[in-house]
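This report walks through a predicted model, taking up its strand pairing, its metal site and its bound ligand in turn. The sequence and structure follow.

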Amino acid sequence: MSTHDPNCIFCKIVAGQIPAKKAHEDEQVLVFHDINPWAPVHVLVIPKRHIATLADVGPGDEGLLGHMLGLAPRLMRDLGVTNGFRTLINTGKDGLQEVYHLHMHVIGGPRPWTKG
Ligand code: 5GP
Ligand code: ZN
């Protein structure tokens with residue numbers, strides 16, 4: 001099983017080869033602030049292991065996916081978001097995915113937002 005794609009920008013963030021403003025890290029995932037935020041708080045939750053898209057998850061990844069989703073409310077609380085948030089996973093070409101390393105956007109904070 002490949003865990004690191006040397007051409008992948010998010011794998012480079014996991015490896016510390018590209019800087020990112022981290023919000024959380026554990027054995028399975030890394031959370032960092034989006035470089036182009038839509039809202040006062042906009043973080044990306046990514047698995048440390050390279051998985052290109054949500055369409056590429058397999059049996060055995062349910063725990064990882066549950067962990068990613070389950071982290072969202074805690075992250076938002078810790079980042080001071082008190083009035084709701086969005087969770088979003090873009091998948092593939094028609095899903096308008098730009099970075100092909102699975103990531104969940106978690107977006108919140110007072111409106112107006114620039115997007116979404
Ligand atoms: P997608 O459209 O693939 O769901 O979204 C990719 C997201 O990654 C975009 O919101 C974009 O701003 C963010 N992004 C792309 N490159 C970088 C980077 O090098 N660092 C950080 N922090 N975010 C990035
Ligand atoms: Zn990757």
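A hairpin connects strand 1 to strand 2, with three residues forming the link between them. Strand 1 (residues 22-25) and strand 2 (residues 29-33) run antiparallel and are joined by three bridges, and within this pairing Glu 25 stands opposite Leu 30 of strand 2.

**The zinc site**

The zinc ion (ligand 2) takes its protein donors from Cys 8 (SG), Cys 11 (SG), His 50 (ND1) and His 101 (ND1), which lie 2.0 to 2.3 Å from the ion. In sequence, these donor residues of the zinc ion (ligand 2) follow the spacing C-x2-C-x38-H-x50-H. Of the donors, Cys 11 in helix 1 (residues 9-14) and His 101 in the loop between strand 4 (85-88) and strand 5 (104-108) form a pair that links distant parts of the chain, being 90 residues apart.

The angles among the four donor atoms of the zinc ion (ligand 2) are 104 to 115 degrees, and the site is tetrahedral. For comparison, the ideal angle at a metal with four tetrahedral donors is 109.5 degrees.

His 50 is placed in the loop between strand 3 (41-47) and helix 2 (62-78), and the side chain of His 50 makes a polar contact with the side chain of His 101 at 3.3 Å.

Are these donor residues buried or exposed, as judged for Cys 11, His 50 and His 101? Cys 11 counts as buried because its relative accessibility is 1%, and His 101 counts as buried because its value is 0%. His 50, at 16% relative accessibility, also counts as buried, because the cut-off for that class is under 20%.

**The surroundings of ligand 1**

Ligand 1 is surrounded by 16 residues, of which the closest are Asp 34, Asn 90, Glu 98, His 103 and His 105. The table sets out polar atom pairs between ligand 1 and the protein.

| Atom of ligand 1 | Protein partner | Distance |
|---|---|---|
| nitrogen | His 33, polar backbone atom | 2.9 Å |
| oxygen | Asp 34, N or O atom in the side chain | 2.5 Å |
| oxygen | Val 99, polar backbone atom | 2.9 Å |

On its own, ligand 1 has 520 Å² of accessible area, and the protein covers 86% of this. Asp 34 thus appears both among the closest residues around ligand 1 and, through an N or O atom of its side chain, as a partner of a ligand oxygen atom at 2.5 Å, while His 33, whose polar backbone atom is 2.9 Å from a nitrogen atom of ligand 1, belongs to strand 2 (residues 29-33) of the antiparallel pair.

Methods: Residues are numbered from 1 along each chain as its sequence is written. Chains are lettered from A and ligands numbered from 1 in the order in which they are written. This is a predicted model: local features need pLDDT of at least 70, side-chain atom pairs count only at pLDDT 80 or more; totals for chains, interfaces and linings use all residues. Side-chain values use heavy atoms; hydrogens and water are left out. Donors are N, O and S atoms within 2.8 Å of the metal (3.2 Å for Na, K and Ca); water is not among the atoms, so sites may look incomplete. Four donors count as tetrahedral if all angles lie between 85 and 135 degrees; four count as square planar and six as octahedral if opposite donors are over 155 degrees apart and all others between 65 and 115; anything else is irregular. Helices (H or I, at least four residues) and strands (E, at least two) are DSSP runs, numbered from the N terminus. Buried means under 20% relative accessible area, exposed over 50%, partly exposed in between (1.4 Å probe, protein chains only). Two strands pair if DSSP finds at least two bridges between them. A residue is near a molecule or strand if one of its heavy atoms lies within 4 Å of it. A polar contact is a pair of N or O atoms within 3.5 Å; within protein, one must be able to donate a hydrogen and the other to accept it, and residues adjacent in sequence count only if both atoms are side-chain atoms. Accessible areas come from the Shrake-Rupley method with a 1.4 Å probe; for residues, only the protein chains shown count as cover.
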